[in-house]
Amino acid sequence: MSEISLPSLGSLPSRLLRLYGGLALYGTGIGLQVESALGNDPWDVFHQGLAVRTGLSIGTWIILVGALVMLLWIPLRQKPGIGTISNIIFLGLFADAAIYLLPSPGHWTVAWAYLLSAIVAVALATVLYIGAGMGPGPRDGVMTGLIRLGLSVRLARFLIEITVVAIGWLLGGTVGVGTLLFAVSIGPITQLFTRWFPLPGQH
């Protein structure tokens, strides 16, 4: 299958559109998965657990945790970009807006539609905002920093996500079939989207 030819994404306006469009879509995906109540992705199990314990919103904790995680970049020698800072600020705002605006599913079929739509949205959003080439998200930066220290991608991601899922579940975050489905499908679906939205350096 031949790749679809895309217009150049090299100009600053198009890169910013890709960045902020991706973050808005990612926040929508978070909102869909939270509202499905079928199980959050690993980091949002953690964010929701903190929200349950404190009364602050999930989006607020996405922002606060993102800022705190950036402190781990110092020993890992990671450098933030405008995309990193934008991820910290806007992802939580978009997630809270989606959670507020989306109606709760009244039937299991709608809940599953929310969940499946969430996974696809997050996969596409990841390709969009990383493809803007303006810096990884704070959580992505921890993973790439661990990889630079010699861990494999699989091990680095596993260690991070099993830790946040366990803590988030203990705090009251929702773990379920959606958590498992997200974990096993997000990688392949994200890879699929790179056919149409190539990442920097990808041919």
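Student: Which residue lies over the face of Trp43, and at what distance from the ring centre?

Tutor: In this predicted model, the residue over the face of Trp43 is Arg139, placed at 5.3 Å from the ring centre.

Student: How should I read a contact between two aromatic rings, and how many aromatic pairs are there here?

Tutor: A pair of aromatic rings is described by two quantities, the distance of the centres and the angle of the planes. In this structure the count comes to five aromatic pairs. One of them joins Tyr20 and Phe90, with 5.5 Å centre to centre and 85° between the planes, and this pair is edge-to-face because planes over 60 degrees apart are classed that way.

Student: Where along the chain do Tyr20 and Phe90 sit?

Tutor: Tyr20 belongs to helix H1 (residues 12-36) and Phe90 to helix H5 (residues 82-101), so that the pair, whose members are 70 residues apart, links distant parts of the chain. Ring pairs also bring in Phe94, linking Tyr20, Phe90 and Phe94 into a cluster.

Student: Are Tyr20 and Phe90 buried or exposed?

Tutor: Tyr20 is partly exposed, its relative accessible area being 28%, and Phe90 is likewise partly exposed, with a value of 31%.

Student: What geometry does the pair of Phe193 and Trp196 have?

Tutor: The rings of Phe193 and Trp196 are edge-to-face, at 6.5 Å centre to centre and with 65° between the planes. As for accessibility, Phe193 has a relative accessible area of 15% and therefore counts as buried, the cut-off being under 20%, whereas Trp196, at 25%, is partly exposed.

Methods: Residues are numbered from 1 along each chain as its sequence is written. This is a predicted model: local features need pLDDT of at least 70, side-chain atom pairs count only at pLDDT 80 or more; totals for chains, interfaces and linings use all residues. Side-chain values use heavy atoms; hydrogens and water are left out. Rings of Phe, Tyr and Trp (its six-membered ring) pair if their centres lie within 6.5 Å; planes under 30 degrees apart count as stacked, over 60 as edge-to-face and the rest as tilted. Helices (H or I, at least four residues) and strands (E, at least two) are DSSP runs, numbered from the N terminus. Buried means under 20% relative accessible area, exposed over 50%, partly exposed in between (1.4 Å probe, protein chains only). A charge sits over a ring if NZ of Lys or CZ of Arg is within 6 Å of the ring centre and within 35 degrees of the ring normal.
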